[in-house]
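User: I have a model open and want to know what stands behind the terms used to describe it. Please give the criterion each time, then the conclusion.

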Amino acid sequence: MIPTQQFGNELKKLGYDFYSGVPCSFLKYLINYAINECDYVMAANEGDAVAIAAGAYLGGKKSVVLMQNSGLTNAISPLTSLNYTFQLPVLGFVSLRGEEGLGDEPQHELMGQITEKMLKLMKVKWAYLSDDFQEAKKQLKKADRYISKKETFFFVVKKGTLDEVKLKEQQLKTLQNKVKNKTATKAELPTRRETLKVLTDLSDKETILLATTGKTGRELFEVADKPNHLYMVGSMGCISSLGLGLALSQPKKKVVVIDGDGSAIMRMGSFSTNAYYQPNNLLHILLDNNTHDSTGGQATVSHNIDFVDQAASVCYPIALRVGTLDELTKAIVKWQMNGGLTFLYLKIAKGSTKDLGRPTMKPHEVKTRLMKFISNG
Ligand SMILES: Cc1ncc(C[n+]2csc(CCOP(=O)(O)OP(=O)(O)O)c2C)c(N)n1
């Protein structure tokens, strides 16, 4: 067995002190260590955890994700289209429930057989974590070398590998929504492009704009391509988790996340995580066109959702619906002055400009430019 406390300290020595994950009993002692000794973000699902950890990496942290192998399936989208695509490495620990001969529960049987294959298919480098501490330390150094080459590395952890670390009492915050306000839309709906123009005009030296998958990022690139921008190209629904990890690891920067209704609906659990950790420097803007505009304008069910109520109910301190670009501007300026995790909702027109292009920079180039912007600031 590995002495988990010392193993965690070794991780810390290598610089890994930011964790996100969803618990698994095989990993519980490492999770306990992370909760006791490091920054640990309890994610709503394993995909969000990967995106949060990727955001922390963007902000200069070495980050770790912890998950059960059943949750590896939840993480496929960001692992394959965020971490791989943008070269955002994270160090992963995934349990091996359902190992052959273990007599585990039926729901783990198939995943136990395909965990290694799935990692391999996703081109994630991996190894079984040794239960010998000296060997495990060597493995960590090797994994760290992959991370420094910008490649994600996962340890597969078998039952009984980690020895006990007691969980210290967790001090849970009790939160409240303080401001909830909904202004009805007064004028014609603004287009997404007009709205993005407002956002780029307002962004200053400390601001980072992260745009969700599809036409939002594509239009932002056309409106203005700047070093403080990131255009998400895959991992739909992960933008606010990426923003959360970044905002937590770069408290002096102002992180603005531009979400879409389809994207937000895909990973609504992330709202509760954002609200719980509520970084002062995160602004979550939802542009609702009631469609999956990027894929042909198919309807979403957003007309039945009160996103402001939803954000308020999971305790975003400030949740506002703005009705015009003027109101949007005022709300952003207020946030820039006062901070505080804020959710802003705006209805926008369907559709986009004809012949909309795509970012001409590769995703990993956009990321490298953004990381430079962050470290120069
Ligand atoms: C996991 C996943 N499923 C589906 C897609 C395809 N896809 C790309 S953008 C998009 C629509 C996004 O809708 P929304 O967030 O409302 O933004 P809009 O397109 O309206 O700007 C879809 C379905 C994807 N990239 N990833």
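Analyst: A residue is called buried if 20 or more other C-beta atoms lie within 10 Å of its own, exposed if 12 or fewer, and partly exposed in between, with C-beta atoms placed from the backbone. Strands (E, at least two residues) and helices (H or I, at least four) are DSSP runs, numbered from the N terminus. The model is a predicted one: local features need pLDDT of at least 70, and side-chain atom pairs count only at pLDDT 80 or more, while totals for chains, interfaces and linings use all residues. Residues are numbered from 1 along each chain as its sequence is written.

User: Why is E6 called largely enclosed by the rest of the structure?

Analyst: Five of the five residues of E6 meet the criterion for buried, so the strand is largely enclosed by the rest of the structure. Both of its faces are covered, with Phe153, Phe155 and Val157 buried on one side and Phe154 and Val156 buried on the other.

User: What makes E4 and E6 a pair?

Analyst: Two strands pair if DSSP finds at least two bridges between them. Strand E4 (residues 91-95) and strand E6 (residues 153-157) run parallel and are joined by five bridges, and on that count they pair. In E6, Phe154 is the bridge partner of Gly92, and Val156 is that of Val94. E5 and E6 also qualify, with four bridges in the parallel sense; here Tyr128 stands opposite Val156.

User: How do you know which strands are the edges of the sheet that holds E6?

Analyst: The sheet is open, with six strands in the order E2-E1-E3-E4-E6-E5 and parallel pairing. E2 and strand E5 (125-128) each pair on one side only, and they are the edge strands. Neighbouring strands are turned by 20° against each other on average, direction ignored. Axes for such angles are lines fitted to C-alpha atoms, for helices over the stretch in contact, and angles run from 0 to 180 degrees between N-to-C directions. On that scale, helix H7 (residues 133-148) runs at about 150° to E6 and lies across strand E3 (62-67), E4, E5 and E6.

User: Why do E7 and E9 count as edges in the sheet of seven strands?

Analyst: That open sheet has the order E7-E14-E15-E11-E10-E8-E9, with parallel pairing. Strand E7 (179-182) and strand E9 (229-231) each have a single partner strand, so one side of each is left without a neighbour in the sheet. Its neighbouring strands are turned by 15° on average, direction ignored. Within it, strand E14 (residues 318-322) and strand E15 (residues 342-347) are joined by five bridges, and Leu344 is the bridge partner of Leu320.

User: What makes a residue part of the shell around the ligand, and which are the closest?

Analyst: A residue is near a molecule or strand if its C-beta atom, placed from the backbone, lies within 6 Å of it. For the ligand, 19 residues surround it, the closest being Gly214, Gly260, Gly262, Asp293 and Ser294. H11 gives the largest share, three residues.

User: How do you know where the domains lie, and how many residues of each are in contact?

Analyst: The bounds come from an automatic or database domain assignment, which gives domain 1 (4-157) and domain 2 (179-376). Residues are in contact if their C-beta atoms, placed from the backbone, lie within 7 Å. The contact takes 26 residues from domain 1 and 26 from domain 2. On the domain 1 side, the largest share is nine residues from H3.

Methods:
Two residues are in contact if their C-beta atoms, placed from the backbone, lie within 7 Å.
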